[in-house]
Amino acid sequence: MIATQRLTLRRFTPADEPAYATVMTNPSVYGMLGFGKEITSDMIPGIIQSHESAWGHGLGVYAVIENISGKLIGHCGIRGLPCGRKEILYALAESAWGKGYATEAAKAVLQSHPARPLIALSYPTNAASINIIKKLGFRHIGQEIIFGTKLESFILE
């Protein structure tokens, strides 16, 4: 578990599925993740299992809880990619955007997980995410095709 001033990051539990589904099935959220394809409620248990499987490799994806409300508002963590690189990732409920939560959560993850190098990926049109990635100290290294999509790629060494 990681605690910040406004957030608690902890491992997912099965009880998180309904709240996490509310976050992840929002087209504004899933449209900026990975494949950019629709995420449905029936996919949530598998996504949580995928997040949990990262823990066995010294990585991990946390459920992000807003302290003031006690609500699950998304995820943040580090996972391995099929190509062998490690990626920092985050996704928050649309209601949590613009509050600095993604930056706060990602900084806490980076401090707790010294694995380097790390990459960060963003759709070219996602200016808010690119801004967060730059605040975290990642350096832009160009565009690449990942998940069949052209993404901006950044590295933290």
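Student: Which residue in β8 is the bridge partner of His140?

Tutor: In this predicted model, His140 has Phe154 as its bridge partner in β8.

Student: What makes β7 and β8 count as paired strands?

Tutor: The cut-off is at least two bridges between the strands. β7 and β8 share 7 bridges, in the antiparallel sense, so by the cut-off of at least two they count as paired. They form a hairpin with 2 residues between them, and Phe147 in the turn has a positive phi of about 60 degrees.

Student: How do you know that β6 pairs with β8?

Tutor: By the count of bridges again. Strand β6 (residues 118-122) is joined to β8 by 5 bridges, and the two run antiparallel. Ile119, for instance, stands opposite Ile155 in β8.

Student: Why is β8 called mostly covered?

Tutor: Of its 8 residues, 7 are buried, and buried means under 20% relative accessible area.

Student: What makes the pair Arg11 and Glu52 a salt bridge?

Tutor: The nitrogen of the Arg must lie within 4 Å of a carboxyl oxygen of the Glu. The closest N and O atoms of Arg11 and Glu52 are 2.8 Å apart, so the pair meets the 4 Å limit. Arg11 lies in the loop between β2 (7-10) and α1 (17-24) and Glu52 in helix α3 (residues 44-53), so the bridge ties together parts that are 41 residues apart in sequence.

Student: Why is Glu52 called buried, and what is Arg11 called?

Tutor: Glu52 has a relative accessibility of 18%, and the limit for buried is under 20%. Arg11 has 42%, which lies between the limits of 20% and 50%, so Arg11 is called partly exposed.

Student: Which other residues of α3 are buried, and how do you know that they are on the same side?

Tutor: Besides Glu52, the buried residues of α3 are Ile44, Ile47, Ile48 and His51. The buried set covers an arc of only 140 degrees around the axis, which puts them on the same side of α3. These residues pack against α1, β3 (60-66) and β4.

Student: How many salt bridges are there by this rule?

Tutor: The count is 6. Among them is the bridge between Arg85 and Glu144, at 2.8 Å from N to O. Arg85 is in the loop between β4 (72-80) and β5 (86-92) and Glu144 in strand β7 (residues 139-146), 59 residues apart.

Student: Why is Glu144 called partly exposed and not buried?

Tutor: Its relative accessibility is 22%, and buried requires under 20%. Arg85, at 28%, is partly exposed too.

Student: What makes Arg139 and Glu157 a salt bridge, and which of the two is exposed?

Tutor: Their closest N and O atoms are 3.1 Å apart, and the limit is 4 Å. Arg139 is in strand β7 and Glu157 in the segment after β8 (149-156), 18 residues apart. Glu157 has 65% relative accessibility, over the 50% limit, so Glu157 is called exposed. Arg139, at 45%, is partly exposed.

Student: Why is Asp16 called buried?

Tutor: Asp16 has a relative accessible area of 7%, and the limit is under 20%. Asp16 sits in the loop between β2 and α1.

Student: What makes the approach of Asp16 to Arg10 a polar contact?

Tutor: Their side chains come to 2.8 Å, and the cut-off for such a pair of N or O atoms is 3.5 Å. Leaving aside neighbours within four places in sequence, Asp16 is in contact with Arg10, Arg11, Ala63 and Leu72.

Note on methods:
Residues numbered from 1 in each chain as written. Predicted model: local features only at pLDDT ≥ 70, side-chain atom pairs only at ≥ 80, totals over all residues. Heavy atoms only, no water. Salt bridge = Lys/Arg side-chain N within 4 Å of Asp/Glu carboxyl O. Helix = DSSP H or I, 4+ residues; strand = E, 2+ residues; numbered from the N terminus. Buried < 20%, exposed > 50% of the residue type's maximum accessible area, 1.4 Å probe, protein only. Arc of directions from axis to C-beta. Contact = heavy atoms within 4.5 Å. Polar contact = N/O pair within 3.5 Å; in protein donor to acceptor, adjacent residues only side chain to side chain.
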